[in-house]
Amino acid sequence: MMGDILSEALLAAVTLGLAARDIKTRPAIGIGLGLIGLAAILGALNYYGMTAATGPHRFVSLLAACAGFPLLVCGVHWPQDAIARRPAAAARFGLVIGAVGVVLVVMLNFAQWSHIVPAVSALLIAVAALHSRKPLTIAGSLLLLVCFILSLAAVTVAPFDADQQFHVLMALSLGLLAWRQN
């Protein structure tokens, strides 16, 4: 229980700290990280025993999966695009793609969508990172892929359980990805 709370808190601290830093200069990355961070805060509250956070955690996690990760793709893959650079464009893109995700998962029962989008996003981020030739971006993208692969394969490394490992690796990978390099 405490490990779950701490891993969610780590993910929230990393993503929300970077989101606050990047929201004005790299809004797609800032909003994407902000959605992931908000889901992590709600997850920590849920693990802490606040059952009122369960529904909001599931909903915001769905938005983070279906809109947050595509926003990160836009910010990393196409940093000069309007969605990556303009807050209004990033917010509109996030709302539209998030709404599509909610409709597909909740209304049409296509739950796999919330797993497919982050996985494909991780692959696109890795391609963009390799083209960038920035060592920390490449390391972050590869760690993000490892995070999803381990989760999909149900492989855990002690002392973590599957959720804790996912949250810690996600925090490390997103921290590396969003780190500014000259």
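Is His167 buried or exposed? In this predicted model, His167 is buried, because its relative accessible area is 10% and the cut-off for burial is under 20%. The briefing below begins with the surroundings of this histidine and then turns to the empty space in the structure, which includes one cavity of 30 Å³ or more, a largest pocket of about 1000 Å³ and a second largest pocket of about 390 Å³.

**His167 and its surroundings**

- His167 belongs to helix α8, a helix that spans residues 162–178.
- Once the neighbours within four places in sequence are set aside, the contacts of His167 are with Ser7, Glu8 and Leu11.
- Between His167 and His77, which stand 90 residues apart along the chain, the C-alpha atoms are separated by 23 Å.

**The largest cavity**

- The volume of the largest cavity is about 60 Å³, and its lining is made up of Ile29, Leu33, Leu72, Val76, Ile125, Leu174, Leu177 and Ala178.
- When these lining residues are sorted by class, eight are nonpolar, while no polar and no charged residues appear.
- At least two lining residues come from each of α2 (27–48), α3 (54–77) and α8 (162–178), and α8 makes the greatest contribution, with three residues.

**The largest pocket**

- The largest pocket, with a volume of about 1000 Å³, has a lining of 38 residues, and those nearest its centre are Ser114, His115, Phe148, Ser151 and Phe166.
- Two or more residues of this lining are given by each of α1 (2–22), α2, α3, α6 (113–132), α7 (135–153) and α8.
- The class division of the lining of the largest pocket is 27 nonpolar, eight polar and three charged residues.

**The second largest pocket**

- The second largest pocket encloses about 390 Å³ of space, and among the 20 residues that line it, Arg26, Gly75, Val76, Pro79 and Lys134 are the closest to its centre.
- Val76 therefore appears in two settings, given that a lining residue is one with an atom within 4 Å of a grid point: it lines the largest cavity and also the second largest pocket.
- Helices α3, α4 (82–85) and α6 each provide at least two residues of the lining of the second largest pocket, and the largest share, four residues, is that of α6.
- In the lining of the second largest pocket, eight residues are nonpolar, eight are polar and four are charged.

How values were computed. Residues are numbered from 1 along each chain as its sequence is written. This is a predicted model: local features need pLDDT of at least 70, side-chain atom pairs count only at pLDDT 80 or more; totals for chains, interfaces and linings use all residues. Side-chain values use heavy atoms; hydrogens and water are left out. On a 1 Å grid over the protein atoms alone, a cavity is a set of points where a 1.4 Å probe fits but cannot get out, and a pocket is an open set with protein on both sides within 12 Å along at least five of seven lines; lining residues have an atom within 4 Å of a point. Grid points are joined across faces, edges and corners, and a volume is the space filled by probe spheres set on the points. Ala, Val, Leu, Ile, Met, Phe, Trp, Tyr, Cys and Pro count as nonpolar, Asp, Glu, Lys and Arg as charged, and the others, Gly among them, as polar. Buried means under 20% relative accessible area, exposed over 50%, partly exposed in between (1.4 Å probe, protein chains only). Contact means heavy atoms within 4.5 Å.
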